[in-house]
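Here's a quick look at how some helices pack in this chain. Have the sequence and the model open as you read.

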Amino acid sequence: MKEKLIVVGNGMSGLRVIEDLLEINKDKYDITIFGEEPYVNYNRIMLSYILSQEKTFEDTIINHESWYTQNNITLHKGDKVISIDKLNKTVTSQNGKVENYDKLLIATGSKPFIPQTVGSNLNNVIAFRNKADVDTIIKTIDKSKTAVVVGGGLLGLEAAYGIAMHGVKTILVHRSGSILSQQLDSTGGKLLQENLEKYGIEFKLNTTIKQINGISDVEEVEFSDGSSVESNIVVFATGIIPNKDLAIEAKLDTKKGIIVDDFMATSDKSIFAVGECVEHKGNTYGLVAPLYEQGKVLAKKLADVEVDGYSGSTLSTRLKISGVDLFSAGDYLGDETTEELILLDEKVGIYKKLVIYDNKIIGIVLYGDTADASWYLKLLKEHTDISDLRTKILFGKSALSGDSGHGGDDVNSMSDDEEVCGCNGVCKGDVVNAIKDKDLKSLSDVKSCTKAGASCGSCLGLVEQILVNTLGDEYNAVEEGICDCCDVGHKEIKECINENEFSDVYEVFEKLNWKTNDGCIKCRPAINYYLLVKYNDDKYKNDKRSALVNDRNYANIQKDGTYSVVPRIWGGLTSPQELKDIADIAVKYDVPTVKFTGGQRLDMLGVKKEQLAPMWKDLNDCGFVSGQAYAKGLRTVKTCVGSQWCRFGTQDSMAMGVKLEKLTWGSWTPHKYKIAVSGCPRNCAEATIKDFGVVAVDSGWEIHIAGNGGIKVRVTDLLCKVETDEELIEYTKAFMQFYREDAYYLERTAHWLERVGLEYVKKIMLDTQKREYYVLRFEESQKSAQVDPWAKAIEDGFTKEFSPIVIKPEESVSFEAKEIN
């Protein structure tokens, strides 16, 4: 007969114990879990991504309802355990449930600390600790008022960043003179502050809140420096307190937290505790990695497997803010007995500091370049003597191996015991062995099996490199599910759509056994795109609910919540009248910024959403159509002045650019698509870094494909040379349609070509019959594609685009992200 195990707490540390336990022995216990929050197990450390709207709540769910069902675990959501009867071994919940146990695990986490000050009891004085807090913040913040965040630690910075991303003025108040003072020295803090100020966050250092004013809600905040600000929300991120209330009630031994031994047992040997609520050898922990280390020990203990006891953790941390690379570990400050190795380049924003004692690293601060973080941490943990490494150690591992220029991303240079995922304590060897022993083929397989990359996600790139390095060519053949809603990849979805008839995305979901009723922001746009390409818009109506936000609004939303409006400028050519029209409209709507784009257009930035429709109409009246600067479709056709004006020009690049843009605009493509036409090999239009590049030569035109000028620059490959304009137009149509039909959604031409190979593309494009086939397909699709979305939106009534998408959440049985309690 199975023993009865009750877990109090449905958070990350408690559930990690259960996951590890099930890996060792899934038959030992009947498991019941009580969770105070009304949700399944989600990744709390990703709350900042939900707040900044870089991820949805769905993205943060670790275990869905199906996981509990599959493992025969009883989950009581939204039901808090309020007492423990140690004598009779029972727990009682707030809803009146009484359950007996043989073993009890307390994983109640921690509570936020909100210092008592005048006004701290007002509405909208909140913490930043759980999903409900995030929901409240998003609901409360107001662009006409300033948000105040208190606390310059990890949570405070992430909260401030998340709020600022909504275009809300945000003031961060911190008692110390430097932010992140528990993880960074003053130099690192200064660099980080300068970076965050670019996001619009204002800092008040050496400052505290004097009082918060308001009748029932927050209305004004007064600071200790004598200033004040009108505000309607104050977010406190000023620390956490181990949640030991239940343990105190049960008369277990407690101090700062619940006292546990090396095997996570409390003063009652039938009761264990893990996570932020415990105190081990005088230490409490608020980072996830130590909690998972505790969990590994406890899982083996509960499974009756021999295990060395938990001996404490070396703390390291990364900041979870997009575009900010920061890592610190150990004693980063040092003292008079230590020495420091420092590399500082303020101009490029790189700061590295190693604190050394007795020729061993005891502290690490990395800002701007964290590629070698796991290597430095390994040296720290292993107490490695670095006497022979001192002169080059700050330049990274690659400098020592003579591989400078390839950087620390080379996984071949990593040893098996080098840490890959700090959140979960997973080393390279763990990942490699899991791939080999368990025949893992995809990134999601590795995440699921090893947990590497499954928490904050900052190491996913490195995990994927290990996967590629271990599988070699086999990795290319792997199809991954496009999201957690399904087990099928793009290839299988496209085949299914091409072989069957569908009228909407839901029929595809049903056919392919989707796990969720409504899909998500990853799969819905992809399915919608594949249906559009198959049927064209005259037979399948574009499902706006499945479009990404910019495609839905026909404008790019900017960081402050306003929009940018970009009229199409054919081939980059304009006229004095067109410039005057744009200028008049910009003045009429008080546009704060007008900028030339890299694609030779004019971008009007700072347009309010209520101005969009009338501004579009005015532009339409002047003959402009949308430049579709937001679209997964043709963006621009860039040109040089060519033979009309240039002494070196051999062909009329401007005329050809206009012709190509009028030919291709409006067409949906897997990702944004750019064309350029250069009038001579001097290539002033930079055609060799475009998706489709045309370069004039004396004998005609060179056609280049699959270039990219983005984060990773890729120079085009030469497809062929043609002699006439007619041939060039034919290839333009055929290549664009071939890319539309063959590539995966959100796959740029550069990535597509690298996946399928140049020879494959050439084989299709240089075959006359196949080329003609794609030309006809393209011409047919363009009959319904070349509709100006601005004019159509005005005609249809431009209002619903700004309403949240609601897809009958009450009818959804699997999409926990829609829970509204």
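What follows covers two helix pairs and one annotated domain.

This is a predicted model, so to speak of local features takes pLDDT of at least 70 and side-chain atom pairs count only at pLDDT 80 or more, while totals for chains, interfaces and linings use all residues. Residues are numbered from 1 along each chain as its sequence is written, and side-chain values use heavy atoms, with hydrogens and water left out.

Two packed helices are described by the angle between their axes and the distance between the axes. Helices here are DSSP runs of H or I with at least four residues, and strands are E runs of at least two, numbered from the N terminus. Axes are lines fitted to C-alpha atoms, for helices over the stretch in contact, with angles from 0 to 180 degrees between N-to-C directions.

| Helix pair | Axis angle | Axis distance |
|---|---|---|
| α22 (residues 653–664) and α23 (residues 725–742) | about 35° | 11 Å |
| α24 (residues 749–756) and α25 (residues 758–765) | roughly 100° | within 6 Å |

The angle in the second row makes α24 roughly perpendicular to α25 (65 to 115 degrees). Here W752, L753 and V756 in α24 meet L758, Y760 and V761 in α25, contact meaning heavy atoms within 4.5 Å. That contact has six nonpolar residues, no polar and no charged.

The contact of α22 with α23 has six nonpolar, two polar and three charged residues. K659 of α22 and D725 and K733 of α23 are among the residues making it.

UniProt, in an unreviewed entry, places "domain: FAD/NAD(P)-binding" at residues 4–282; such annotations may be inferred rather than shown by experiment. Over residues 4–282 the chain is 24% helix and 30% strand, with the end C-alpha atoms 31 Å apart.

Methods
Angles under 35 degrees count as roughly parallel, over 145 as roughly antiparallel, 65 to 115 as roughly perpendicular and the rest as oblique. Ala, Val, Leu, Ile, Met, Phe, Trp, Tyr, Cys and Pro count as nonpolar, Asp, Glu, Lys and Arg as charged, and the others, Gly among them, as polar.
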